[in-house]
Amino acid sequence: MATINVDDNENLEKAIKRFKRMVEKEGIIREYKKREYYEKPSTILNRKNKSLARKLLKKNHKPHDSKSAY
């Protein structure tokens, strides 16, 4: 749970910015959006497998060398 202590003489906009940074750092918004709707376990598994395949493809992809092409 993200909490901040606001002093009496502290600017409200500054406190709100601090709170937003803390929420972003802890990943609360991302977690909320992920859990907003129910997702079937098979859908989660498919998404993770596609992500892994994309990562492996990117890792194994050899960069194009323009000097050796001609």
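Helix H3 is hardly covered in this predicted model: among its 20 residues, the count of buried residues is zero. The helix runs over residues 41-60. From its first C-alpha to its last, H3 reaches 29 Å, close to the 28 Å expected at 1.5 Å a residue.

The sparse cover of H3 can be set beside the values for the protein chain. Buried residues make up 6% of the 70 residues. The radius of gyration of the protein chain is 22 Å, whereas a compact globule of 70 residues would have one near 11 Å. Along the principal axes, the C-alpha trace spans about 70 × 40 × 15 Å. About 7500 Å² of the protein chain is exposed, and 55% of this area is supplied by carbon and sulfur atoms.

The fold itself is simply described. The protein chain has three helices and zero strands, and its elements run α-α-α from the N terminus on. Helix H1 has 15 residues and reaches 21 Å from its first C-alpha to its last, close to the 21 Å expected at 1.5 Å a residue. An α-helix has 3.6 residues a turn, so residues three or four places apart point the same way.

Both sides of H1 along the sequence offer points of reference. In the segment before helix H1 (12-26) lies Asp 8. This residue counts as exposed because its relative accessibility is 86%, and the cut-off for that class is over 50%. The C-alpha atoms of Asp 8 and Met 22 are separated by 20 Å, with the two residues 14 apart along the chain. Glu 26 is found in helix H1 and, with a relative accessible area of 44%, is partly exposed. Just after H1, Gly 27 takes a positive phi of about 75°. Measuring C-alpha to C-alpha in the model, Glu 26 and Pro 41 are 25 Å apart in space and 15 residues apart in sequence.

Charged side chains provide the next part of the picture. A search of the whole structure finds four salt bridges, among them the three pairs described here. Arg 18 forms a salt bridge with Glu 10, and the closest N and O atoms of the pair are 2.9 Å apart. Arg 18 counts as partly exposed because its relative accessibility is 28%, and Glu 10, at 22%, also counts as partly exposed.

Another salt bridge joins the side chains of Glu 39 and Arg 47, at 3.0 Å from N to O. Here too the partners are neither buried nor exposed in full: Glu 39 is partly exposed at 28% relative accessibility, and Arg 47 is partly exposed with a relative accessible area of 40%. The side chains of Glu 24 and Arg 30 also meet in a salt bridge, with an N to O distance of 4.0 Å. Arg 30 is classed as exposed because its relative accessible area is 58%.

Over the protein chain there are 20 positive and 10 negative charges. The mean positions of these two sets are 13 Å apart.

Definitions and conventions
Residues numbered from 1 in each chain as written. Predicted model: local features only at pLDDT ≥ 70, side-chain atom pairs only at ≥ 80, totals over all residues. Heavy atoms only, no water. Helix = DSSP H or I, 4+ residues; strand = E, 2+ residues; numbered from the N terminus. Expected span 1.5 Å × (residues − 1). Buried < 20%, exposed > 50% of the residue type's maximum accessible area, 1.4 Å probe, protein only. Rg over C-alpha atoms; globule rule 2.2 N^0.38 Å. Areas by Shrake-Rupley, 256 points an atom, 1.4 Å probe, with all protein chains shown as cover. Lys, Arg positive; Asp, Glu negative; His and termini not counted. Charge placed at Lys NZ, Arg CZ, Asp CG, Glu CD.
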